[in-house]
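This report describes the strand pairing, helix packing, principal pocket and backbone geometry of one protein model. The sequence and structure are shown first.

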Amino acid sequence: MKTMDRIIRTVSLAAAAIAVVSCGGGNKKTVTGAVQEEIPMVAVTQVFAGDVPQTGVYTSTVQAYAKNNIARQASMRIKDIKVEIGDFVKAGQVVAEMDAVNLQQSRLQMVNDSTEYSRLKGLYEAGGLSKSDLDAMELKYNVSRSTYENLLENTVLLSPVDGVVSARNYDRGDMFSLGQPIYTVEQITPVKLLVGISETDYTKVHVGDKVDIAADAFPGKNFQGSVSRIYPTVDPATRTFTVEVIVGNADRMLRPGMYARVTVTFGINRSVVVPDEAIVKQVGSGDRFVYVLNADSTVTYTKVIPGRRMDNTYEILSGLDNGATVVTGGQVRLKSGIKVRVE
């Protein structure tokens, strides 16, 4: 009988020990079956207000400030080609010469009319010619002079701007037709970019504002430009308005057709800034939340409205106070009102 009592006591003690040891993971069971919740451990940081530049980054394509197609008004054989693609030319520089036969004939006619006009003017002053005859000769001379000047302009072709020759469509001896220009000259000092900006920022952009430009062709290099013109209408399809940006480009590094990103600064806001790892996106919506640590070691699930992103941080437009402490790690086990331990 005593042996049986000892066996029963031994089994009871073993069962109790098993019940105590069987606690595991986050929840712990006592002998009576009560559950004790494990307090989650989190990482936190205190956030403060700071100056946040209100910038927007837009893509654009570098364009020539001016693009001129050089051609004659009528068909004529090309006598000489003076410049090639890639050459830099000055305004007024001769780029091509056309056949000059018509020009020479026109010049002779103008000289003859000039001489005749001078002779008749002398006769008129001496009283030997009527005023109407003198006026007719003067008109004839003015017409021949205009014809000569027009032929001169269209026989010796000049570049209208300082720029680079980007196209040459004919060779020496070719018959020029009206289908294509002989040359295309593009002014690249300066260059311009057209940027489409949201209509919500229309009142924040002003002529003269400085902008930064980055081009994929020159990694790590920054170019400075300024707003030269703001278009007066908004595109109803995209809800954007166009801003023209001018870049001096004195070193001629930027070339038409290059892909570029334009950073426009609209001003500076004083806003709370939080690390991006503190932001929690609510599943199934675009809402953003943070867990705010309270004085009693509980957390509150708080909706915030983020503004601009800056590297690893977000500007918070509303929903978070200056100096608040937010959770930056361990959010997966949290819910509003739960107690936490700080690492």
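## The four-stranded open sheet

Ile78 has Met98 of strand S8 as its bridge partner. The model in which this pair occurs is a predicted one. The two strands concerned are S6, covering residues 76-81, and S8, covering residues 94-98, and they are joined in the antiparallel sense by 3 bridges.

These strands belong to an open sheet of 4 strands, arranged in the order S9-S8-S6-S11 with antiparallel pairing. S9 and S11 (175-176) occupy the edges and have a single partner strand each, so one side of each lacks a neighbour in the sheet. In general, the strands of a sheet pair through backbone hydrogen bonds, in either a parallel or an antiparallel arrangement.

## The helix pair

Helix H2 spans residues 101-125 and helix H3 spans residues 131-155; their axes come within 8 Å and cross at roughly 155 degrees. Because angles over 145 degrees count as roughly antiparallel, H2 is roughly antiparallel to H3. The crossing of H2 and H3 is left-handed.

What is the composition of the contact of H2 with H3, by nonpolar, polar and charged residues? The contact comprises 11 nonpolar, 7 polar and 8 charged residues.

## The largest pocket

The largest pocket holds about 160 Å³ of space. Its lining consists of Asn69, Ile70, Ala71, Gln73, Glu153, Asn154, Val156, Leu157 and Leu158. By class, the lining of this pocket divides into 5 nonpolar, 3 polar and 1 charged residues.

Which elements supply at least two residues each to the lining of the largest pocket? They are strand S5 (63-70), helix H3 and strand S9 (156-158). The largest share, 3 residues, is contributed by S9. The pocket thus links two topics treated above: S9 is an edge strand of the open sheet, and H3 is the helix whose axis crosses that of H2.

## Pairings of strand S10

Strand S10 (residues 163-168) runs antiparallel to strand S7 (residues 88-89), to which it is joined by 2 bridges. Within this pairing, Val89 has Gly163 of S10 as its bridge partner.

S10 is also joined to strand S12 (residues 183-198), again in an antiparallel arrangement, by 4 bridges. Here the bridge partner of Val164 is Glu186 in S12.

## Pairings of strand S16

Strand S16 (residues 259-275) pairs with strand S4 (residues 48-61) in the antiparallel sense over 13 bridges. One position in this pairing places Thr61 opposite Tyr259 of S16.

Strand S13 (residues 210-215) likewise pairs with S16 in the antiparallel sense, over 5 bridges, and Ile213 has Val262 of S16 as its bridge partner. A further antiparallel pairing, over 4 bridges, connects S16 with strand S20 (residues 313-318). In that pairing, Val272 stands opposite Ile316 of S20.

## Backbone geometry

Two sites merit inspection against a general background: most peptide bonds are trans, and most residues other than glycine have a negative phi. Where is the cis peptide bond with omega near 10 degrees? It runs from Thr189 to Pro190. Pro190 is located in strand S12, the strand that also pairs with S10.

The second site is Arg239, which has a positive phi of about 60 degrees although it is not a glycine. Arg239 is situated in the loop between strand S14 (223-235) and strand S15 (240-247).

Technical notes:
Residues are numbered from 1 along each chain as its sequence is written. This is a predicted model: local features need pLDDT of at least 70, side-chain atom pairs count only at pLDDT 80 or more; totals for chains, interfaces and linings use all residues. Side-chain values use heavy atoms; hydrogens and water are left out. Axes are lines fitted to C-alpha atoms, for helices over the stretch in contact, and angles run from 0 to 180 degrees between N-to-C directions. Angles under 35 degrees count as roughly parallel, over 145 as roughly antiparallel, 65 to 115 as roughly perpendicular and the rest as oblique. A crossing is left-handed if the near helix is turned anticlockwise from the far one by less than a right angle, and right-handed if clockwise. Ala, Val, Leu, Ile, Met, Phe, Trp, Tyr, Cys and Pro count as nonpolar, Asp, Glu, Lys and Arg as charged, and the others, Gly among them, as polar. Two strands pair if DSSP finds at least two bridges between them. On a 1 Å grid over the protein atoms alone, a cavity is a set of points where a 1.4 Å probe fits but cannot get out, and a pocket is an open set with protein on both sides within 12 Å along at least five of seven lines; lining residues have an atom within 4 Å of a point. Grid points are joined across faces, edges and corners, and a volume is the space filled by probe spheres set on the points.
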